[in-house]
Structure formats: C-alpha cells, structure tokens
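The following note sets out points for a colleague who will work with this model. It proceeds from the ligand surroundings to the domains, the strands and two individual residues.

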Amino acid sequence: MNYEVHNERQKDLLIHIKTYFDLDRNETIFQKRNILKRVPFEGREYIVKSFKTPHLINQIAYGLFRDGKAKKSYYNSMKIVDFVPAPIGYIEFKKGFLLKESYFISEPFEYDFTIREPLTTPDFPNKTAIYHALARFSHQLHQRGVLHLDYSPGNILIKAHQGWYEFKIIDVNRMAFKTLSTQERLENFAQLWANDEDLSIIIQAYAKLAKIDPQEALSIALKASQNHKDRKNLKKRLKGKKVVD
Ligand SMILES: Nc1ncnc2c1ncn2[C@@H]1O[C@H](COP(=O)(O)OP(=O)(O)O)[C@@H](O)[C@H]1O
Ligand SMILES: [Mg+2]
C-alpha cells in the first residue's frame, strides 16, 4: 500500500478508504470504467474515484515502473491547484508487485453544468458568454504550459456566479506540461465535439487572447475537430454502433 495525503486530517479516510468507499449510505455519482462516489468523512463530503483494476500488463507496468492513474491524478492536480477541485490524496493497493486497486480523492466542486450542456442544447442560455469564458480558461491553462490530454466535455465543470463563470477540469491523469505550440493549443479543442458554429465562437475568442490570426486558427481547429470526429466515428462503425456528425 502506498499513499500520499495533502493534509493529515484526511489520513484516516485515505488509509481506510475501502471501508469508507463501500458504505451503503454513499451516493454513486458516476460509473463507467471507474466508479465515483460522494463519501462523507468527519462532517464533510469528498469525491472518491475508484479506478478500474488495470489489465494484467498494466498491473505490472503500474506496479513496477509507471505511475498509476490515481497517483498521476493527484500529482497533476497538485501542480495546478487553481484549475482543479482541491486534491486530497491518493492511495494504491498492490498484490506483490501488481497494482490492483487505486483511489483518488478530491473536494467536491459544486458545478451547475459541464461544457457538454451548452454544446448539445440548442437554446442553452448565455452560450456565447460561456464559450468566451471557456476560451479564457483554456488560454490560461495553455499559458501555464498545461495540456489536458482528455479535454472532453464531461471533464470541464462550470459554476455560474453572478456575472462570471468558474471553470474546473477533472480526470487529469493524462496531462502534458510544456510550452505549447499554436498547433497544439488549437488541436486541444478537438475533443469537445463542438459543431462548427460553436467551435468558431470559441476559437475566435481564443485567437484574440493568444494574438494569433483568427482565420488561420479556425481552419486549424476545424480540421483537427473533424479529424477527431472521423477517427471516433470510424471506430464506432467498426464496432457496429450509430454515428453522428
Ligand atoms: N471533484 C468533483 N466534484 C464534483 N463532481 C465531480 C468531481 N470529480 C468528478 N466529478 C463527477 O464525476 C464525473 C466523472 O468523473 P471523471 O473523473 O471524469 O471520471 P471518468 O474517468 O470515469 O470520466 C464527472 O463528469 C463529474 O460529474
Ligand atoms: Mg471524465
């Protein structure tokens, strides 16, 4: 077992996470590959993400020579605390040298919607203002040298305040930290799966902030977005699933 905790106050929650996580009273908030629950501890609630046990090759790789996803989520969060829900800690459980269970804990961010809702709801209120705010937030991340490698709609949480929007990114185990090229910055918007009109609003605002030519920026971003859709749709077709866009 190895773990790290930001504040000793939550050490007990971390060390006994399996017991706390499995309590019946917990609310499961998301379950696809991984399971996320809201877990109360000493009068507060935490978001606990339990990572799916990796397949054997990765149990070996994560157990021996690569950082696991829970650890990376925590380390990456600690590097960019302003941009993510407050990180609490991570813990890993190994059998021999194989990584089995792992958990990442953060504070809840009480968001109002993810970027998916404006992107998929035709008459979502204040769309333009939200897209401008997304451009600003993305630009700040990029200026800090942060590239979220899974910058997809469900990973961008938004809280609406009086007159401004607060953004947080989650699912941060895959990130790159480096000086970003214009190409990399613009390609980062491809996973949003935005339609051309919405992407155009986002990119125009971004180009202004990044002081790059808006026409050229849009053409790079549209191309990257279409490539991403084509690649994903091809995969879906091969699996016999329905495609959109
Ligand atoms: N700190 C948090 N505060 C509030 N909600 C969260 C938090 N972390 C995750 N969630 C919720 O759980 C969902 C899935 O989290 P995520 O880390 O993206 O898991 P996955 O890897 O399965 O996509 C998010 O879309 C969000 O609704
Ligand atoms: Mg996610």
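1. Ligand 1 and the two domains. In this predicted model, domain 1 (2-106) and domain 2 (113-238) each contribute at least three residues to the shell around ligand 1. The description of the binding surroundings therefore has to refer to both domains, since the shell draws on each of them.

2. Composition of the shell. Sixteen residues surround ligand 1, written as 16 in the count, and those that come nearest are Phe-30, Ile-47, Pro-85, Phe-109 and Asp-171. Sorted by class, the shell comprises eight nonpolar, four polar and four charged residues. Strand S2 (27-31) and strand S4 (44-51) are each the source of at least two of the shell residues.3. Division of the chain. The chain is split into domain 1 (2-106) and domain 2 (113-238). Between the C-alpha centres of domain 1 and domain 2 the distance is 27 Å. Contact between the domains involves ten residues of domain 1 and ten residues of domain 2. On the side of domain 1 that touches domain 2, the residues comprise four nonpolar, three polar and three charged.

4. Overall dimensions. How does the radius of gyration of the chain stand against that of a compact globule, and what are the two values? A compact globule of 245 residues would have a radius of gyration near 18 Å, and the 19 Å of the chain agrees with this. Taken along the principal axes, the box filled by the C-alpha atoms of the chain is roughly 55 × 45 × 35 Å.

5. Burial and contacts. Of the 245 residues in the chain, 32% are buried. Among the contacts in the chain with a separation of 6 or more, 63% are between residues 24 or more positions apart. The secondary structure of the chain consists of nine helices and eleven strands.

6. Strands S2, S3 and S4. Strand S2 pairs with strand S3 (residues 35-41) in the antiparallel sense, over four bridges. Three residues lie between S2 and S3, which form a hairpin. Phe-30 has Leu-36 of S3 opposite to it, and Phe-30 is also among the residues that come nearest to ligand 1. S3 in turn runs antiparallel to S4, to which seven bridges join it. Arg-38 stands opposite Ile-47 in S4, and Ile-47 is another of the residues that come nearest to ligand 1. The hairpin of S3 and S4 has two residues between the strands, and in it Glu-42 adopts a positive phi near 45°.

7. The open sheet of S7, S9 and S10. Three strands make up an open sheet with antiparallel pairing, in the order S7-S9-S10. Its edge strands are strand S7 (113-114) and strand S10 (164-169), each of which pairs on one side only. Strands of a sheet pair through backbone hydrogen bonds, in either a parallel or an antiparallel manner.

8. The pairing of S9 with S10. Strand S9 (residues 156-161) is joined to S10 in the antiparallel sense over six bridges. Ile-156 is placed opposite Ile-169 in S10, and the bridge partner of His-161 in S10 is Trp-164. Two residues separate the strands in the hairpin of S9 and S10, where Gly-163 has a positive phi near 85°.

9. Phe-167. Is Phe-167, with its C-beta neighbours inside 10 Å, buried or exposed? Phe-167, which is found in strand S10, counts as buried because it has 20 C-beta neighbours inside 10 Å, and the criterion for burial is 20 or more. Leaving aside residues up to four places away in sequence, Phe-167 touches Ala-133, Phe-137, Ile-156 and Ile-158. Of these, Ile-156 is the residue that stands opposite Ile-169 in S10. From Phe-167 to Gly-89 the C-alpha to C-alpha distance is 21 Å, with their positions 78 residues apart in sequence.

10. Lys-223. Helix H9 (residues 214-238) contains Lys-223. With 13 other C-beta atoms within 10 Å, Lys-223 is partly exposed, because residues with 12 or fewer count as exposed and those with 20 or more as buried. Lys-223 and Ala-190 are 33 residues apart along the chain, and their C-alpha atoms are separated by 8.6 Å.

Key: Residues numbered from 1 in each chain as written. Chains lettered and ligands numbered in written order. Predicted model: local features only at pLDDT ≥ 70, side-chain atom pairs only at ≥ 80, totals over all residues. Pairing = 2+ DSSP bridges. Near = placed C-beta within 6 Å. Nonpolar A, V, L, I, M, F, W, Y, C, P; charged D, E, K, R; others polar. Rg over C-alpha atoms; globule rule 2.2 N^0.38 Å. Contact = placed C-beta atoms within 7 Å.
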